[in-house]
Amino acid sequence: VRFSPRENAPPRPILKTINHYPGAIAQSSRLFTAMKIVIIGSGIVGATIAYELAQNPDHQITVLDRQPHPVQPDQTACPTSTGAALGVLMAAISKKEKGRNLRMRLAGVDWYDRIIPELEAITQRAIPVNRQGILMLQFSDDRLEPWEHLIPLRQTQNRRLEIWDIPKLQQHCPQINLTNIIAGIYSPDDRQINPVTLTQNLITAAQTKGVTFQFGCEITHINHLAGQVTTISTNQGSIECDRLIIAAGLGSLGLTQALNQPLPLQPVLGQAIHLKTTQPLGQPDFQPVITGHDIHLVPIAPQEYWVGATVEFGTEQPDPQNFQQLMDAAIELWPGLAQAETFRQWYGLRPRPDGRSAPVIEPLAGYQNVLLATAHYRNGVLLAPATAMAVADWLS
Ligand SMILES: Cc1cc2nc3c(=O)[nH]c(=O)nc-3n(C[C@H](O)[C@H](O)[C@H](O)COP(=O)(O)OP(=O)(O)OC[C@H]3O[C@@H](n4cnc5c(N)ncnc54)[C@H](O)[C@@H]3O)c2cc1C
């Protein structure tokens, strides 16, 4: 089956976007055969893969997740990484000049720009997206030369970056305390998306295209023969499997252990908070994500902000001291937060690969029909679309 739009389906030029950049993930031919595909994990990564693969109606796709339901909003101890994420998509504002990771980042933003209207039309549910860009603050010990070098490079990649001096920062973002700040890097083409609504919409849209999701699904055994996974045994019955995609975030460690090929992963805890301010912060009609000292101020509604996140190694329990440091630093940068009311405070765990760079998208050693699509660490929302495209390539 040639992967091309059906007569009545709108064309989806996935290849164009990613091939736009030199050396993009190779996507010459998209030859598919009908397959029983099992995806383990329905976080942002598994849900995006399911939606992307569902473009081929011949596949029989089943997504298994041990959570009792799709990712939920407003939790405190988030059981999945996606439930805790801020959804900041740092693509053009990344300092990377070239390479696979940058291409994946840029492709992610392009994919969301194209797919979100499609998802909203299918599900009839709006997905909150901030299209006012990201402003990254630069401090007295930062150097601006790398950015001056990056700006023309980004132009060749169809992205804009601007260096804002202090008067411009004062004019556009008066909510910032400019002590110790020397400039801001403004990236108008980057985005922020509500990760929970996005994932829920991807799941619903994939379901409408025929994907089966089984929640509350505990995997009891992965059966394999001569390097081929054949069936997955679960508390809900047995599922035949031609191709297995492991997109289970931190749960990927246990699954790969069960297949005797453990992928070492480390949880890295992040705490964040939802605040309501007494006054509008800055200009009401210009509310980009602002980031400084690795802390994001994420506008999510008038006078409502997410602030996060801490990066805590070697623990699965949030440290109140780390949270206090986050708040102190945030209030120093945005003094208007000092009187803010707390709506919710939460934490979650990021899946970080041990001793190698994130993410891990590769066949599982020793198996011919198992692919790892996991370990996205701090950028799973941003990198999920390019991951899904890479999975589609693997299948072809
Ligand atoms: C505080 C915080 C802030 C973040 N901010 C951002 C951000 O701004 N931008 C960004 O891009 N990224 C951000 N991230 C990172 C991002 O959240 C992750 O990289 C991403 O969510 C990983 O997605 P995933 O689908 O791989 O994992 P998950 O969301 O954890 O999903 C994995 C799924 O697999 C299921 N599962 C696991 N094991 C099994 C099993 N054995 N059987 C069945 N099901 C199983 C789980 O139940 C879960 O639903 C942030 C993370 C945190 C914690």
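Colleague: Which strand is His274 found in?

Modeller: This is a predicted model, and in it His274 is part of strand β14, residues 265-276.

Colleague: Why does His274 count as buried?

Modeller: Buried means under 20% relative accessible area. His274 comes in at 10% relative accessibility, so it counts as buried.

Colleague: Which residues does His274 touch, leaving out those up to four places away in sequence?

Modeller: The list is Ile300, Glu304, Tyr305, Trp306, Glu341, Thr342, Phe343, Arg344 and Trp346.

Colleague: What makes the link between the side chains of His274 and Glu304 a polar contact?

Modeller: The cut-off for a pair of N or O atoms is 3.5 Å. His274 and Glu304 are joined at 2.8 Å, so their side chains make a polar contact.

Colleague: On to the charged pairs. How many salt bridges does the count come to?

Modeller: The count comes to 8. Side chains of opposite charge can pair when their charged atoms come close.

Colleague: Why is Arg344 with Asp74 called a salt bridge?

Modeller: The rule wants a side-chain nitrogen of Lys or Arg within 4 Å of a carboxyl oxygen of Asp or Glu. For Arg344 and Asp74 the closest N and O atoms are 3.9 Å apart, so the pair is in. This bridge links distant parts of the chain, 270 residues apart: Arg344 sits in strand β19, and Asp74 in the loop between β2 (60-64) and α3.

Colleague: Buried or exposed: what are Arg344 and Asp74?

Modeller: Arg344 has 11% relative accessibility, so it counts as buried. Asp74 has 57%, and the line for exposed is over 50%, so Asp74 counts as exposed.

Colleague: What makes Arg191 and Asp113 a salt bridge?

Modeller: Their closest N and O atoms are 2.9 Å apart, and 2.9 Å is within the 4 Å limit, so the name fits. Arg191 belongs to strand β8 (residues 191-193) and Asp113 to helix α4 (residues 100-123), and the two are 78 residues apart.

Colleague: Why is Asp113 called partly exposed?

Modeller: At 30% relative accessibility, Asp113 falls between under 20% and over 50%, so partly exposed is the label. Its partner Arg191 is buried, with a relative accessible area of 12%.

Colleague: How do you know that Arg378 and Asp294 form a salt bridge?

Modeller: Same test: their closest N and O atoms are 3.0 Å apart, within 4 Å, so they pass. Arg378 lies in the loop between β21 (370-374) and α10, and Asp294 in the loop between β15 (289-292) and β16 (295-301), so the bridge ties together parts 84 residues apart in sequence. Arg378 is partly exposed at 36%, and Asp294 is partly exposed at 41%.

Colleague: What does the backbone of Arg378 do at the ligand?

Modeller: A backbone N or O atom of Arg378 lies 3.0 Å from a nitrogen atom of the ligand. A ligand nitrogen is also 3.1 Å from a polar backbone atom of Arg66, and a backbone N or O atom of Val45 is 3.1 Å from a ligand oxygen.

Colleague: How much of the ligand does the protein bury?

Modeller: Taken alone, the ligand exposes 1000 Å², and the protein buries 95% of that.

Colleague: Which residues are closest to the ligand, and how many surround it?

Modeller: There are 35 around it, the closest being Asp65, Thr82, Val88, Tyr377 and Gly380. By class, that shell has 16 nonpolar, 15 polar and 4 charged residues.

Colleague: Now the backbone oddities. What makes Asn158 unusual?

Modeller: Most residues other than glycine have a negative phi, and most peptide bonds are trans. Asn158 is not a glycine, yet its phi is positive, about 65°. Asn158 is in the loop between α5 (145-156) and β6 (162-164), and it is exposed, with a relative accessible area of 51%. Asn180 also has a positive phi, about 70°; its place is in the loop between α6 (166-172) and β7 (181-187).

Colleague: Which residues does a cis peptide bond join?

Modeller: One joins Gly308 and Ala309, with omega about -5°; Ala309 lies in the loop between β17 (304-308) and β18 (312-313). Another runs from Ala358 to Pro359, with omega near -5°, and Pro359 is in the loop between β19 and β20 (360-363).

Technical notes
Residues are numbered from 1 along each chain as its sequence is written. This is a predicted model: local features need pLDDT of at least 70, side-chain atom pairs count only at pLDDT 80 or more; totals for chains, interfaces and linings use all residues. Side-chain values use heavy atoms; hydrogens and water are left out. A residue is near a molecule or strand if one of its heavy atoms lies within 4 Å of it. A polar contact is a pair of N or O atoms within 3.5 Å; within protein, one must be able to donate a hydrogen and the other to accept it, and residues adjacent in sequence count only if both atoms are side-chain atoms. Accessible areas come from the Shrake-Rupley method with a 1.4 Å probe; for residues, only the protein chains shown count as cover. Ala, Val, Leu, Ile, Met, Phe, Trp, Tyr, Cys and Pro count as nonpolar, Asp, Glu, Lys and Arg as charged, and the others, Gly among them, as polar. Helices (H or I, at least four residues) and strands (E, at least two) are DSSP runs, numbered from the N terminus. Buried means under 20% relative accessible area, exposed over 50%, partly exposed in between (1.4 Å probe, protein chains only). Contact means heavy atoms within 4.5 Å.
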